[in-house]
Amino acid sequence: MDTFTADAGDCAAEGLAGLLSPLTESEFLSHRLGVGPFLIRGRERRFTGLFGWPQLNEILAANRADPSRIHLVRSADGIPLASCSEPVPQLSRRGRPSRLRPERLDAALAAGATLVVDGIEELDARLRELVAGVESSLGALVQANLYVNLGGAHQGFHTHWDDHDVLVLQTEGAKRWDIHPPTTDYPVGVLSAPPKPAAGAASWSGELTDGDVLYLPRGWWHTVRAVEGTPSAHLTLGTRLPSAGDLLRRLLVHLVSEHGIVRQDLPRFAAPDRADGWYAALRQVLADAAAEPGLLEKLAAEVDAGAPARPRFTLPRRGPLEAGPR
């Protein structure tokens, strides 16, 4: 696997370019995106100003234990988050919120659990700045997930592949990675079931240490394990880039609006000659659409519309409030 040495820089302020240096953003987008993994070795404490233990402790103290965001995982088997939680004291009862108990979470992590916080950029302004910059470069939604353990886990997540590209930022400690090439080209979500890689040596095995960045395209198998006795935290910036499948879905929407035959029921009970005529007409519609100059390119531009806008609040509003719907 290609390995580089990071330059100095402010990762959050410089966005994707800051994470990938010494590679340039244009080199990554033009020649390396989706091609294969690579590793950038960074200096120790490179991410101190971006995210570390103090920021995590503040997030855990300031947020409720939302099971849609916070998970506990041990050897890829779920541990109930409720086992580390307690009811939130409230003056007025509104729902049944809970919060994490520090000593219970410590005990679970010491026993080998991994703490996962999904979409953690929504809870931290500095991470949100970084993610927004990466979204701007990629023109696609990016989500940051955090994975934390205290080094007591002898086994990590099962060997698996992701249906999206990831940039892995090792922000604290170290983790061991085993990486295998895809067993199916360009696998996509529930539509793909690639066979597991053959038993044996991985194509790359090694440790990510504090300050490192790993790029892993979708489909690459990987196993991640804690390093015994080493508290560790890493962020994954995941993004699902537009594919030919997304283009075909947009083509379907176009054809449904333009051609009645695409909206018709299948001729399941029609006489054979009538069914043959129906399929011939449908084939012609598809062939004409594929051959229409500029149509696929136009629809591809619609698919590649960029990342959805993140909410940005500007309270208090200045000037008279506009009348809204009643």
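**Salt bridges and a central strand**

Let me begin with one acidic residue, D246, which has a relative accessible area of 23% and is therefore partly exposed, since the buried class stops at under 20%. I should say at once that what we are looking at is a predicted model, and that everything I describe this morning is computed from that model.

Which residue does D246 pair with in a salt bridge? The partner is R249, and the closest N and O atoms of the two side chains are 2.4 Å apart. Both residues sit in helix α6, which runs over residues 244-258, and because they are three residues apart there, about one helical turn separates them. Elsewhere, salt bridges with shared partners tie E86, R99, R101 and E103 together into one network.

A second pair has a similar layout, this time in helix α5, residues 125-138, where E129 and R126 are three residues apart and so are separated by about one helical turn. Their salt bridge has its closest N and O atoms 3.3 Å apart. As for their surroundings, E129 has a relative accessible area of 38%, which makes it partly exposed, and R126, at 28%, is likewise counted as partly exposed.

The general background is familiar to this group: side chains of opposite charge can pair when their charged atoms come close. In this model the count of salt bridges comes to 17, and one of them deserves a slower look, namely the one in which the side chains of R45 and E172 meet, with an N to O distance of 3.0 Å. How many residues apart are R45 and E172 along the chain? They are 127 residues apart, with R45 in the loop between β2 (38-41) and α3 (53-62) and E172 in strand β9 (residues 165-172), so that the pair links distant parts of the chain. Is each partner buried or partly exposed? R45 is partly exposed, given its relative accessibility of 39%, whereas E172, at 6%, counts as buried.

Let me turn to strand β10, which covers residues 174-180 and is mostly covered, six of its seven residues being buried. Which strands pair with β10? One is β11, residues 204-209, which pairs with β10 in the antiparallel sense over six bridges, and another is β13, residues 221-226, where the pairing with β10 is again antiparallel and again runs over six bridges. K175 lets us follow both pairings from a single residue, since its bridge partner in β11 is L208, while in β13 its bridge partner is A226. If you want to trace the side chains along such a strand on the screen, recall that in a regular strand they alternate between the two faces of the sheet.

I will finish with the protein as a whole. Nine helices and 14 strands are found in it, and its C-alpha atoms fill a box of roughly 75 × 60 × 40 Å along the principal axes. Of its 326 residues, 40% count as buried, and the accessible surface comes to about 18400 Å², with 54% of that area belonging to carbon and sulfur atoms. When we take the contacts between residues at least 6 apart in sequence, 79% of them join residues at least 24 apart. Finally, on charge, there are 34 positive and 40 negative side chains, and the centres of these two sets lie 8 Å apart.

Technical notes. Residues are numbered from 1 along each chain as its sequence is written. This is a predicted model: local features need pLDDT of at least 70, side-chain atom pairs count only at pLDDT 80 or more; totals for chains, interfaces and linings use all residues. Side-chain values use heavy atoms; hydrogens and water are left out. Buried means under 20% relative accessible area, exposed over 50%, partly exposed in between (1.4 Å probe, protein chains only). Helices (H or I, at least four residues) and strands (E, at least two) are DSSP runs, numbered from the N terminus. Two strands pair if DSSP finds at least two bridges between them. A salt bridge is a side-chain nitrogen of Lys or Arg within 4 Å of a carboxyl oxygen of Asp or Glu. Contact means heavy atoms within 4.5 Å. Accessible areas come from the Shrake-Rupley method with a 1.4 Å probe; for residues, only the protein chains shown count as cover. Lys and Arg count as positive and Asp and Glu as negative; His and the chain ends are not counted. The place of a charge is taken as NZ of Lys, CZ of Arg, CG of Asp or CD of Glu.
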